[in-house]
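Visitor: Could you take me through the salt bridges in this model, with a close look at where the paired residues sit? After that, I would be glad to hear about other local features of the chain.

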Amino acid sequence: MIKLYKKLRPVDWVLLAVLLGLTVLQVWCTMLLVDYTKEIITAITKVSLGFATTGDIWYNGGMMLLVAGGSGVAQTLVGLIASFVSANLSARIRTEVYNKVDGFSIAERDKFSTPSLITRTTNDVQQVQMANILMLRMAVAAPITAVWAILKIQTASTQLTVATIVAVVLLVAFLALLMVFVMPKFKIMQKLVDRLNGVSRENLTGIRVIRAYNAEDYQQRKFEEANETITKTQLFTGRMMSLMSPVMMLIMNGVSLAIYWLGASLINKGTTDYATVAAFMQLASQIIMAFMMVMMMFVLLPRAQVSAKRINEVLETPLSVADPETEQPLTEVGTVEFKDVSFEYSDSDEKVIQNISFKAEKGETVAFIGSTGSGKSTLINLVPRFFDATEGQVLVDGVDVRNLKQSTLRRLIGYVPQKGVLFSGTVKSNIAFGVPDLSDEEIISAAKVAEADEFVSQMENGYDSAISQGGKNVSGGQKQRLSIARAVAVKPEIFIFDDSFSALDYKTDKKVRENLKAAADGATKLIVAQRIGTIMDADKIIVLDSGKAVGIGTHKELLNTCDIYREIALSQLSKEELGL
């Protein structure tokens with residue numbers, strides 16, 4: 001957790017210095033309160049014997065109130081500063097984690113999993129914040145109080161000091177034993193939270209399939225299993241922690257009884273007085289409370305430490321896709337070239353893409369087709385650097401994509417994913433997602449190219465109609481058309497369509513492709529598709545099988561030279577339709 005403190009601002013260090021000063025002031029006031037307690041007891045005794053006036057009592061009582069007020073004000077300010085510093089530190093950590101995750105490639109996101117990244121950004125940061133508040137309030141006050149009280153207590157009575165030491169030893173032994181049982185449970189708590197979040201997220205995102213297959217009971221059992229596991233762990237830690245209060249009270253009352261019993265014996269012998277015993281009792285209580293705060297901190301720290309470690313894992317994860325120090329200038333326009341490209345995932349021994357080579361010239365349409373799992377989407381994802389090629393080179397506009405800044409590269413590309421992704425907002429904000437200052441005319445023009453204008457115009461508020469998170473209030477085909485409109489709106493050099501026409505009917509599919517040809521004739525188009533009809537007119541078709549290019553050519557050429565392509569074509573269209 002110490003690594004996270006490097007993120008404190010200079011103003012935070014100043015506030016921590018003020019917090020230290022206020023803590024010392026608070027402890028000093030507490031120690032003065034002990035002294036004035038002794039003085040007022042002595043004054044009351046002297047007044048009863050006729051050796052002092054009630055003015056002495058009023059003076060010492062007033063000083064007690066003043067000192068108690070000072071201690072209260074200092075303690076309040078310490079709490080406010082601790083909360084302020086902790087809250088701001090947590091806000092910066094959340095921002096850094098979010099920005100780091102935002103820069104992750106798909107490989108890093110798969111490594112952590114989405115539920116885990118959400119937990120690390122929210123719950124883990126919350127655990128660190130709570131621990132920081134406690135530490136800033138206790139970590140300084142407890143040792144100062146303990147040392148100061150011990151120094152004062154040594155001058156009072158050896159017998160009474162021994163009783164206090166025995167109480168402290170018993171307290172430390174109990175809390176150490178408690179830590180042995182509780183710490184392992186705290187360490188696994190966050191992983192259990194990850195698991196619970198994962199099951200909940202899976203249930204929410206897959207609710208339609210779950211209901212369609214009457215699998216509510218199955219999902220309920222999965223949730224109950226995860227919920228029961230975390231509940232048992234929390235109950236165990238809660239029960240163990242609940243022992244603290246009665247044991248604390250037992251030790252506190254035990255030491256009080258011992259001090260008063262020993263004190264009474266010493267008073268009878270004439271070696272001390274009641275005022276000294278009362279002051280000693282207060283000091284002993286301060287020492288025990290200080291040790292209790294320190295041990296409480298050590299009990300609560302393990303879970304926060306685990307959370308801090310999980311946060312640091314995210315922040316310290318090297319990015320597999322990073323910007324170059326020096327960006328190379330573009331030498332061509334609208335070209336995409338693969339030079340002997342291979343790719344394999346970090347946790348796999350098999351290559352998903354093997355020795356792929358081709359070049360798409362400006363304005364050309366290059367299509368990719370093949371069976372499920374042949375590597376089409378993986379190949380297309382290498383262009384915008386969602387992954388980096390394991391071997392070979394991917395060039396855009398004549399430059400290796402690894403020698404371009406990601407922002408520069410992606411400004412050249414209009415990307416339409418396989419699954420239409422929309423964001424909460426309006427139709428207008430979704431189409432203008434890549435160019436926020438787009439005019440209404442340009443937004444409508446992009447929608448018309450994607451054949452989206454007709455259904456958007458029929459919506460209640462037109463282009464200002466609300467889109468719910470994930471586009472749940474529009475159909476699959478409408479999502480794809482709005483996704484295509486979003487890509488058209490950025491006016492890219494290169495379009496990437498990752499099976500982006502699959503939810504469109506044949507008529508709309510054909511119309512969208514015709515519109516694209518007219519509106520973006522000079523743009524290069526890379527299309528992953530399952531339909532032969534979608535790619536028949538492509539300038540170049542690459543047939544993939546198990547990650548290898550088994551055929552490259554036009555539709556007519558491949559019908560004669562590539563058995564796999566011919567088989568796919570005949571499974572969708574008749575020989576007459578194919579011209580065979």
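Guide: Let's start with Lys 351 and Glu 391, whose side chains meet in a salt bridge with an N to O distance of 3.1 Å. This is a predicted model, so please read each distance here as a computed value. The pair links distant parts of the chain, 40 residues apart. Lys 351 belongs to the loop between strand S1 (336–343) and strand S2 (353–360), while Glu 391 is in strand S4 (residues 391–396). How covered are the two partners, Lys 351 and Glu 391? Lys 351 has a relative accessible area of 31%, so it counts as partly exposed. Glu 391 is partly exposed as well, with a value of 36%.

The general idea behind such contacts will be familiar from the bench: side chains of opposite charge can pair when their charged atoms come close. A search of the whole structure finds 19 salt bridges, and a few of them deserve your attention.

Two pairs involve helix H11 (residues 274–316), and one of these is Arg 120 with Glu 313. Their closest N and O atoms are 3.0 Å apart. Arg 120 is in helix H4 (residues 114–121), Glu 313 is in H11, and 193 residues separate them along the chain. The partners differ in cover: Arg 120 is buried, with a relative accessible area of 7%, whereas Glu 313 is partly exposed at 35%. The cut-off that matters for Arg 120 is 20%, since a residue under that value is called buried.

The other H11 pair is Asp 124 with Arg 310. Here the salt bridge has an N to O distance of 2.7 Å. Asp 124 is in helix H5 (residues 123–138), and Arg 310 in H11 is 186 residues away along the chain. Both Asp 124 and Arg 310 are buried.

Salt bridges can also join up, and Arg 9, Asp 12 and Arg 92 are linked in a network of them.

Now to helix H2 (residues 54–102), where Val 73 is found. Together with Leu 77 and Leu 80, Val 73 makes a nonpolar surface patch of about 270 Å². Phe 104 lies in the loop between H2 and helix H3 (106–112). Phe 104 is buried, with a relative accessible area of 5%. If you pick the C-alpha atoms of Phe 104 and Ser 429, you will find 25 Å between them, and the two residues are 325 apart along the chain.

Backbone angles are worth a look too. Glu 451 has a phi near 60 degrees, a positive value in a residue other than glycine. Glu 451 is placed in the loop between helix H15 (440–449) and helix H16 (453–457), and its relative accessible area of 24% makes it partly exposed.

Moving along, you reach helix H17 (residues 476–489), which has 14 residues. From its first C-alpha to its last, H17 reaches 20 Å, close to the 20 Å expected at 1.5 Å a residue. H17 is mostly covered, with 12 of its 14 residues buried. Charged side chains are on that list, including Lys 479, Arg 481 and Arg 486, and so are Leu 482, Ile 484 and Val 488. After H17 comes Lys 491, which has a positive phi near 50 degrees.

Asp 499 also has a positive phi, about 50 degrees, although it is not a glycine. You can find Asp 499 in the loop between strand S9 (494–498) and H18. Asp 499 counts as buried, because its relative accessibility is 10%.

H18 brings us to our last stop, the second largest pocket, as H18 gives the most to its lining, with 5 residues. This pocket holds about 410 Å³ of space. Its lining has 17 residues, and those nearest the centre are Thr 365, Arg 513, Lys 517, Asp 537 and Ala 538. Helix H18 (506–519), strand S10 (524–528) and helix H19 (532–535) are the elements that each give two or more residues to this lining.

Key:
Residues are numbered from 1 along each chain as its sequence is written. This is a predicted model: local features need pLDDT of at least 70, side-chain atom pairs count only at pLDDT 80 or more; totals for chains, interfaces and linings use all residues. Side-chain values use heavy atoms; hydrogens and water are left out. Patches are made of residues with over 30% relative accessible area and no salt bridge: like charges are joined within 9 Å, nonpolar side chains (Val, Leu, Ile, Met, Phe, Trp, Tyr) within 5 Å. Accessible areas come from the Shrake-Rupley method with a 1.4 Å probe; for residues, only the protein chains shown count as cover. A salt bridge is a side-chain nitrogen of Lys or Arg within 4 Å of a carboxyl oxygen of Asp or Glu. Helices (H or I, at least four residues) and strands (E, at least two) are DSSP runs, numbered from the N terminus. The expected span of a helix is 1.5 Å times one less than its number of residues. Buried means under 20% relative accessible area, exposed over 50%, partly exposed in between (1.4 Å probe, protein chains only). On a 1 Å grid over the protein atoms alone, a cavity is a set of points where a 1.4 Å probe fits but cannot get out, and a pocket is an open set with protein on both sides within 12 Å along at least five of seven lines; lining residues have an atom within 4 Å of a point. Grid points are joined across faces, edges and corners, and a volume is the space filled by probe spheres set on the points.
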